[in-house]
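Work through these exercises with the model open beside you. Each task is followed by a stepwise solution.

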Amino acid sequence: MTTKLSDLGLVLAAAHFSADKHRDQRRKGSRNTPYINHPLEVAERLNRIGGIEDATVLAAAILHDTIEDTETTAAELSRLFGADIAALVEEVSDDKDLHWRDRKRLEIEHSAQASPAARLIKLSDKTSNVADTVANPPGDWTLQRRRDYLTFAEKVADGCRGLNGQLDAEFDRILAEARGKLR
Ligand code: ZN
């Protein structure tokens, strides 16, 4: 992008880019929701619940799964949205070449050491995923697998909390609700 975007322009450009990159994907859940609903929800929650107004953080939240789940590269994000946003998205991306067990362990470890903005995005991401274990679970997930996911998400969230009281409380509320429904 040759001209510098306004904050609002940056967030809209991120939404447009992310929608295009995820265009052929659906969430794993039984409701077959378009994938883009998830990153938009993550960003919307950061703003509405957490009061986050920083366009860099909100744009990175909208883009947070593009490296991990589409063919997007960090270089591409850096060119279009700047180095800060590219670095944030990299921070919250898993290495899909690893075995899922290593990936989960590393996600817990990496999140706890990530930058404050990356931890906020991660926390909102986990809140969205925990909500989905109740409202829109993958059709082939057993009850036990859904419960195991909650345990995992709580460990990731533990490393991300302490930055924003409202987002911490929102995660706790959604987790307690999910536990209540999946008992
Ligand atoms: Zn996500």
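How many salt bridges does the count come to? The count comes to 17. Keep in mind that this is a predicted model.

**Exercise 1. Examine the salt bridge between Glu-76 and Lys-21.**

Step 1. Check the distance. The two side chains meet at 3.0 Å, N to O.

Step 2. Locate the partners. Glu-76 sits in helix H5 and Lys-21 in helix H1, so placed that the pair links distant parts of the chain, 55 residues apart.

Step 3. Check the exposure. Glu-76 and Lys-21 are both buried.

**Exercise 2. Trace the salt bridges of Arg-105 to Asp-102 and to Glu-109.**

Step 1. Take Asp-102. Its closest approach to Arg-105 is 3.4 Å between N and O atoms. The two residues are about one helical turn apart, because 3 residues separate them in helix H7 (residues 100–113).

Step 2. Take Glu-109. Its side chain meets that of Arg-105 at 3.3 Å, N to O. Again the separation is about one helical turn, because the residues are 4 apart in helix H7.

Step 3. Recall the helix geometry. An α-helix has 3.6 residues a turn, so residues three or four places apart point the same way.

Step 4. Classify the exposure. Partly exposed covers the range between 20% and 50% relative accessible area. Asp-102 is partly exposed, because its value is 31%. Arg-105 is partly exposed at 42%. Glu-109 is partly exposed at 36%.

**Exercise 3. Name the residues of the salt-bridge network that includes Glu-41.**

Solution. Glu-41 is linked with Arg-45, Glu-170, Arg-173 and Glu-177.

**Exercise 4. Describe the zinc site and classify its geometry.**

Step 1. List the protein donors. They are His-38 (NE2), His-64 (NE2), Asp-65 (OD) and Asp-125 (OD). Their distances to the zinc ion run from 2.1 to 2.4 Å.

Step 2. Write the spacing along the chain. The donors follow H-x25-H-D-x59-D.

Step 3. Test the angles. The 4 donor atoms subtend 82 to 173 degrees at the zinc ion. A tetrahedral site needs all angles between 85 and 135 degrees. The arrangement is irregular because of its angles.

Step 4. Check the burial of two donors. His-64 and Asp-65 are both buried.

**Exercise 5. Place Asn-37 in the fold.**

Step 1. Find its element. Asn-37 belongs to helix H2 (residues 37–48).

Step 2. Classify its exposure. Asn-37 is partly exposed because its relative accessibility is 38%.

Step 3. Compare sequence and space. Asn-37 and Ala-19 are 18 residues apart in sequence, and their C-alpha atoms lie 8.9 Å apart.

**Exercise 6. Test the length of helix H8 (residues 116–135) and assess its burial.**

Step 1. Compute the expected span. At 1.5 Å a residue, the 20 residues should span 28 Å.

Step 2. Compare with the model. The end C-alpha atoms of H8 are 29 Å apart, which agrees.

Step 3. Count the buried residues. H8 is mostly covered, with 16 of its 20 residues buried.

**Exercise 7. Map the largest nonpolar core.**

Step 1. Find the hubs. Among the 47 residues of this core, Leu-46, Leu-63, Phe-81, Ile-85, Ile-121 and Val-130 touch the most other members.

Step 2. Find the contributors. Helices supplying at least two core residues each include H1 (7–21), H2, H8 and H10 (165–181).

Step 3. Inspect Ile-85. Leaving out residues up to four places away in sequence, Ile-85 touches Leu-10, Thr-56, Ala-59, Ala-60 and Leu-63.

Terms used
Residues numbered from 1 in each chain as written. Predicted model: local features only at pLDDT ≥ 70, side-chain atom pairs only at ≥ 80, totals over all residues. Heavy atoms only, no water. Donors = N, O, S within 2.8 Å, 3.2 Å for Na, K, Ca; no water. Tetrahedral: all angles 85-135°; square planar, octahedral: opposite > 155°, others 65-115°. Buried < 20%, exposed > 50% of the residue type's maximum accessible area, 1.4 Å probe, protein only. Expected span 1.5 Å × (residues − 1). Core = buried A, V, L, I, M, F, W, Y, C linked by side-chain atoms within 4.5 Å. Contact = heavy atoms within 4.5 Å. Salt bridge = Lys/Arg side-chain N within 4 Å of Asp/Glu carboxyl O.
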